[in-house]
Number of protein chains: 2
Amino acid sequence: MSIIDRRDFLKGGAGAAMALTGLSPNILKGQDDRMVRVGVIGVGGRGRSLLRLMLRRSDTLVSAICDIEAEAIQQSLDMINEAGATIPEQYLGGEEGFRDLVQRDDLDAVIIATPWRWHTEMAVAGMQAGKAVGVEVPAAVTIQECWDLVNTSEQTGMPCMIMENVCYRRDVMTVLNMVRQGLFGELIHCQGGYQHDLRAIKFQPGAEFGPGARGEAVWRTHHSITRNGELYPTHGMGPISKCLDINTGNRFVTLTSTATKSRGLHKYVLAQGGEDHPNANVRFELGDVVTTVIKCANGETIMLSHDTNLPRPYSLNFRVQGTNGIWMSDNRSIYLEGISPEPHHWEPFSNYSDQYDHPLWKRYTAESEGAGHGGMDFFVVHAFIESVKRQVPPPIDVYDAASWSVISPLSERSIATGSSPQHFPDFTRGEWSRRASSFAFTDEF
Amino acid sequence: MSIIDRRDFLKGGAGAAMALTGLSPNILKGQDDRMVRVGVIGVGGRGRSLLRLMLRRSDTLVSAICDIEAEAIQQSLDMINEAGATIPEQYLGGEEGFRDLVQRDDLDAVIIATPWRWHTEMAVAGMQAGKAVGVEVPAAVTIQECWDLVNTSEQTGMPCMIMENVCYRRDVMTVLNMVRQGLFGELIHCQGGYQHDLRAIKFQPGAEFGPGARGEAVWRTHHSITRNGELYPTHGMGPISKCLDINTGNRFVTLTSTATKSRGLHKYVLAQGGEDHPNANVRFELGDVVTTVIKCANGETIMLSHDTNLPRPYSLNFRVQGTNGIWMSDNRSIYLEGISPEPHHWEPFSNYSDQYDHPLWKRYTAESEGAGHGGMDFFVVHAFIESVKRQVPPPIDVYDAASWSVISPLSERSIATGSSPQHFPDFTRGEWSRRASSFAFTDEF
């Protein structure tokens with residue numbers, strides 16, 4: 001039997017008011033043991049990585065898992081067996097199997113780690129079934145889907161956290177800590193992006209993609225064929241957004257996007273499969289480099305670079321710049337006027353790593369060891385589970401999910417119209433200037 | 001008596017045809033000694049720096065100098081005396097004094113190093129008087145001025161070289177060399193900009209600017225009060241433009257610009273002069289960081305960052321990225337697929353510095369020593385003088401001057417209209433796809 005009493009937060013519009021005012025949805029009401037029961041939808045590579053982190057927690061029980069691939073289910077079960085954990089119920093009912101999972105009355109939350117096109121549909125179904133939702137990035141791929149997430153969360157009172165792990169990268173949390181202590185002065189300009197050579201992920205094995213291919217090549221490559229835009233904004237935007245208090249005192253107002261020609265993927269297909277390979281005829285819409293510039297209500301700008309089709313070292317392109325100084329990730333350097341020893345000269349960012357290490361990282365260094373992506377995956381799972389357990393809004397919420405994810409469709413529209421500026425919807429309906437951030441102000445989660 | 005026979009290139013439209021077809025204007029016709037006679041308009045800090053380089057040359061005679069400041073003239077004369085060179089005639093006739101200088105019939109060329117607002121007017125007067133013109137950056141500040149330069153050059157047949165020294169920076173010439181040898185593959189995306197903390201230049205002494213202030217603060221700061229845009233694009237754009245064959249097979253098509261709020265200059269005035277300083281009430285239009293994205297006819301994009309009001313280390317923000325690899329200046333690193341030792345990892349750019357050092361630098365290393373800005377000033381003066389002496393079009397020409405300089409007014413217009421895309425005029429009138437570059441293909445100039 002569920003530990004959530006759904007009746008409480010499906011009554012009238014109370015949920016909407018709670019979501020906007022920062023009150024918690026009524027999860028786990030009256031429970032003592034504070035065990036969070038989770039269903040995981042999508043247990044491919046990413047889903048199992050999150051599953052593994054939940055198996056390490058004494059406050060989390062994975063009660064149900066769902067996938068369309070029997071092999072993914074089996075690998076999950078092997079992992080769960082190995083961990084000595086309770087075997088969850090398995091849902092393998094095709095693409096609509098998740099609908100049965102979300103209806104279980106013993107779940108507090110669902111985590112969604114499926115191909116992008118399913119994120120919103122599953123998150124909406126989860127919230128409508130009274131579950132707290134943690135959804136992988138991006139949370140949505142169309143403007144309408146972004147609104148669907150917000151509307152559903154407000155109507156049901158259920159939280160929807162976008163599981164943006166890079167918000168918890170150690171260096172960006174150190175920088176956030178320094179921003180909040182005023183070391184950069186008033187913020188002026190930030191940069192982020194997703195500069196990651198995905199060619200061997202978009203094609204595997206060889207020059208293959210689509211049904212029958214492996215891993216993300218089964219579905220992810222399709223987006224490069226049909227869409228031209230900033231397709232993956234959240235890794236770069238999550239941390240920047242938290243530095244700039246987006247949706248909590250600030251908001252995105254407009255963006256422009258400009259795409260280069262598309263050369264990298266076709267060239268890779270030729271190199272891997274030869275000129276006679278059937279995929280040599282595929283036309284890729286996605287420009288190799290997409291540059292997006294966003295203007296914020298408080299006057300800052302953000303530049304995002306999406307760059308996934310060319311040979312290049314990995315970089316999320318971070319820069320945080322204010323009236324007192326600047327940090328850049330690519331050269332691992334920082335300059336703070338009056339503090340850095342030599343005027344106009346970079347110093348190593350590592351000079352500040354210890355002193356301004358975020359309290360969360362100080363506290364949970366040991367727990368994060370071995371977690372994915374340099375430890376940051378621990379923190380995003382931790383934040384989701386703790387917010388559900390404590391019945392408080394997640395520190396990265398449905399307004400973040402919508403305003404970060406909407407960058408993609410707005411970017412596509414800008415490119416399609418010759419880089420014309422696109423206005424962001426205000427998903428908070430005017431509340432952005434009054435809302436308060438709950439992201440990482442303590443060492444708790 | 002002039003060594004140029006003006007009658008030859010003022011006949012009908014021959015000049016225009018020559019300029020477009022790459023034929024040389026008829027400078028120094030029939031001369032044996034190949035001594036180039038130059039007048040310098042503006043012998044402030046920048047002008048004297050160029051003057052000093054010409055005094056080192058045995059093929060150049062500075063016959064006339066012009067300035068509105070007696071002190072600048074005197075410092076120039078001291079320098080010329082010290083070099084044991086012939087004393088030039090001096091023009092100190094107020095703001096219109098340059099008109100007398102350009103009318104001298106013993107000059108082959110004029111070099112213009114005055115405040116920006118005079119560049120086009122003086123360049124036009126120089127060309128109309130039958131002189132080859134070398135003009136400092138930017139060559140123009142309005143769209144009409146850009147056209148004035150092009151029209152005048154075509155009508156008179158006189159060349160106009162924009163003296164963009166960064167085109168000759170050693171690392172960017174190495175990269176250009178590598179681009180031309182195909183190491184980056186097909187170019188896709190480039191970056192440049194002008195990231196230079198100019199606060200102590202815009203205000204000197206203390207919080208002062210305008211008449212009575214010192215150095216560039218006399219005039220440069222005014223642009224930050226009245227204009228919001230990419231005010232200084234050519235240092236970043238020059239080298240990128242040469243890599244991308246702009247105006248010689250490629251061209252800029254559109255740009256968008258987005259500016260941050262303006263905080264840095266006001267804050268600096270308060271810090272230097274206090275809240276009661278009269279300049280504490282000055283409102284600065286220029287956003288602290290202006291981001292411009294340009295789309296090229298051949299499908300590449302260029303991102304420019306203008307960032308002159310905040311404390312930060314100097315950087316021209318260079319990136320050159322193609323289908324085979326990427327170079328970035330900020331981390332002094334490069335990655336070339338199949339060549340760099342470790343896949344997906346940067347290697348130091350210095351690994352390539354010797355092997356791909358540009359022939360010009362190899363040949364003129366000794367001559368460039370002690371020249372300004374790390375030696376590159378030698379090369380830009382060398383290129384101008386050699387092109388005049390050899391009666392060939394300059395390697396950086398009036399179409400470069402116009403298309404690089406027009407970025408500023410287009411950027412201002414984009415910002416003023418909410419980052420709307422702006423179309424570049426085609427200053428070559430359709431010839432861009434047929435024109436050939438003459439920039440730095442040999443070790444000569």
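Modeller: In this predicted model, a strand is a DSSP run of E with at least two residues, and strands are numbered from the N terminus. With that in hand, R429(A) can be placed in the segment after β15 (422-423) of chain A.

Biologist: What makes the phi of R429(A) worth a remark?

Modeller: Most residues other than glycine have a negative phi. R429(A) is a residue other than glycine, and its phi is near 55°, a positive value.

Biologist: Which peptide bond of chain A is cis, and what is its omega?

Modeller: The cis peptide bond of chain A joins V137(A) and P138(A), with an omega of about -15°, and P138(A) sits in the loop between β5 (132-135) and α7 (143-156) of chain A. In chain B a cis peptide bond joins V137(B) and P138(B), again with omega at about -15°, and P138(B) belongs to the loop between β5 (132-135) and α7 (143-156) of chain B. As background, most peptide bonds are trans.

Biologist: Why is the pair K389(A) and D59(A) called a salt bridge?

Modeller: The term asks for a side-chain nitrogen of Lys or Arg within 4 Å of a carboxyl oxygen of Asp or Glu. The side chains of K389(A) and D59(A) meet at 2.6 Å, N to O, and the pair therefore satisfies that cut-off. This pair links distant parts of the chain, K389(A) being in helix α15 (residues 376-389) and D59(A) in the loop between α3 (45-55) and β2 (60-66) of chain A, 330 residues apart. Over all chains, the structure holds 58 salt bridges.

Biologist: What makes D307(A) and R319(B) a salt bridge as well?

Modeller: Their closest N and O atoms are 3.7 Å apart, which is still within the 4 Å limit. Between chain B and chain A the count is 10 salt bridges, and 18 residue pairs are in polar contact there, both residues at pLDDT 80 or more. Of the strands on the side of chain B that touches chain A, β7(B) gives the most, with five residues. By class, that side of chain B has 15 nonpolar, 23 polar and 14 charged residues.

Biologist: How do you know how much surface chain B and chain A bury between them?

Modeller: The size of an interface is often given as the accessible area lost when the parts come together. Here chain B and chain A bury about 4100 Å², with 56% of it on carbon and sulfur atoms. In chain B, the residues that lose the most area to chain A are K261(B), P311(B) and P313(B), together 15% of what that side buries.

Biologist: Why can one say that the copies meet through the same surface?

Modeller: In the model, 52 residues of chain B are in contact with 52 residues of chain A. Because 100% of the interface residues of chain B are also interface residues in chain A, the copies meet through the same surface.

Biologist: How do you know which kind of axis relates the two copies?

Modeller: A turn of 180° with a shift of 0.0 Å along the axis lays chain B on chain A with an RMSD of 0.0 Å, and the two copies are thus related as by a two-fold rotation axis. In chain B, the C-alpha nearest that axis belongs to N331(B), at 2.4 Å from it.

Biologist: What confidence does the predictor give the complex, and where in chain A is confidence lowest?

Modeller: The complex has an ipTM of 0.93 and a pTM of 0.94. Chain A averages a pLDDT of 93, and 93% of the residues score at least 70. In chain A, confidence is lowest in helix α1 (residues 6-9), at a mean of 35, and highest in strand β9 (residues 289-296), at 99. Over residues 1-27 of chain A the pLDDT is below 50. Where pLDDT is low, the predicted coordinates should not be read in detail.

How values were computed. Residues are numbered from 1 along each chain as its sequence is written. Chains are lettered from A and ligands numbered from 1 in the order in which they are written. Side-chain values use heavy atoms; hydrogens and water are left out. Contact means heavy atoms within 4.5 Å. Buried area is the accessible area (1.4 Å probe) that two parts lose on being put together, summed over both. A polar contact is a pair of N or O atoms within 3.5 Å; within protein, one must be able to donate a hydrogen and the other to accept it, and residues adjacent in sequence count only if both atoms are side-chain atoms. Helices (H or I, at least four residues) and strands (E, at least two) are DSSP runs, numbered from the N terminus. Ala, Val, Leu, Ile, Met, Phe, Trp, Tyr, Cys and Pro count as nonpolar, Asp, Glu, Lys and Arg as charged, and the others, Gly among them, as polar. Copies are superposed by least squares on the C-alpha atoms of residues with pLDDT of at least 70 in both. pLDDT is the predictor's confidence in each residue, from 0 to 100.
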